[in-house]
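Here are a few exercises to work through with the model open in your viewer. Try each one before you read its solution.

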Amino acid sequence: MKTIPLLALLTLVACDAPGPDEKACVRSTLESDLKRYGPLAGPGVDPATGQLEAGSYLVSSTYLKLTTDPKGQRVFQDSMKGLNAVIPSYPGLAAYLFATSDSCVTARTLSVWKDEVSMYRFVGADAHTSAIARIELISRGGSVVTHWADTEAGANFEKAAQQLGAEVGPFF
């Protein structure tokens with residue numbers, strides 16, 4: 001199984017860069033400079049085609065409005081290292097993909113699960129609960145997560161942006 005290094009997520013914004021345009025950077029619209037860290041990866045992805053196997057899944061996506069504070073960004077880096085260590089082989093995972101935007105100072109996650117039980121087991125795993133516990137240091141507010149049942153066709157950032165745009169919270 002291919003592991004996507006998330007260390008590239010670690011350099012999102014220079015300390016002296018201007019802040020993001022909050023009106024232009026919204027969860028329902030993919031950022032123009034969205035950088036995807038590799039193709040969709042995981043045990044449910046056909047290595048020959050790079051496509052998620054046909055089937056029914058539970059898809060989850062997070063939209064993180066990251067802090068521009070250097071300390072908070074280091075906390076985000078540490079959290080991503082912990083998540084990267086466990087997600088590629090987590091039981092019930094079918095696929096995952098991460099992306100960031102420098103201009104909006106955002107991160108997006110997409111994870112595809114065989115079932116709801118598997119997703120919630122991951123949500124309760126140490127690496128994930130540790131990241132959640134530090135969200136006030138990581139997020140500048142307005143971050144949100146959602147999930148929905150879909151087929152392989154709906155497991156992408158475009159569908160995730162639609163789902164995230166319709167989300168009513170809670171926001172963190």
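**Exercise 1: the largest pocket**

Work out how much space the largest pocket holds and which residues line it.

Step 1. The largest pocket encloses about 670 Å³ of space. Of its 30 lining residues, Thr-62, Thr-109, His-128, Ile-132 and Val-145 sit closest to the centre. A pocket here is an open set of points on a 1 Å grid over the protein atoms alone, where a 1.4 Å probe fits, with protein on both sides within 12 Å along at least five of seven lines; lining residues have an atom within 4 Å of a point. The volume is the space filled by probe spheres set on the points, which are joined across faces, edges and corners.

A word on the input: this is a predicted model, where local features need pLDDT of at least 70 and side-chain atom pairs count only at pLDDT 80 or more, while totals for chains, interfaces and linings use all residues. Residues are numbered from 1 along each chain as its sequence is written, and side-chain values use heavy atoms, leaving out hydrogens and water.

Step 2. Sort the lining by type: 20 residues are nonpolar, nine polar and one charged. (Nonpolar covers Ala, Val, Leu, Ile, Met, Phe, Trp, Tyr, Cys and Pro; charged covers Asp, Glu, Lys and Arg; the others, Gly among them, are polar.)

**Exercise 2: the disulfide**

Find which cysteines the disulfide joins, and where they sit in the chain.

Step 1. Cys-25 and Cys-104 are joined, S to S 2.1 Å; the criterion is a pair of cysteine sulfur atoms within 2.5 Å. The link ties together distant parts of the chain, 79 residues apart: Cys-25 lies in the segment before strand S1 (35–36), and Cys-104 in the loop between strand S3 (93–101) and S4. (Strands are DSSP runs of E, at least two residues, and helices runs of H or I, at least four, numbered from the N terminus.)

Step 2. Check the handedness: at -75° about the S-S bond, the link of Cys-25 and Cys-104 is left-handed.

Step 3. Cys-25 counts as buried because its relative accessibility is 6%, and the cut-off for buried is under 20% (exposed is over 50%, partly exposed in between, with a 1.4 Å probe and protein chains only).

**Exercise 3: Glu-31**

Is Glu-31 buried or exposed, and what does its side chain meet?

Step 1. Glu-31 belongs to the segment before S1 and is buried, with a relative accessible area of 7%.

Step 2. Its side chain makes a polar contact with the side chain of Arg-108 at 2.8 Å. (That takes N or O atoms within 3.5 Å; within protein, one must be able to donate a hydrogen and the other to accept it, and residues adjacent in sequence count only if both atoms are side-chain atoms.)
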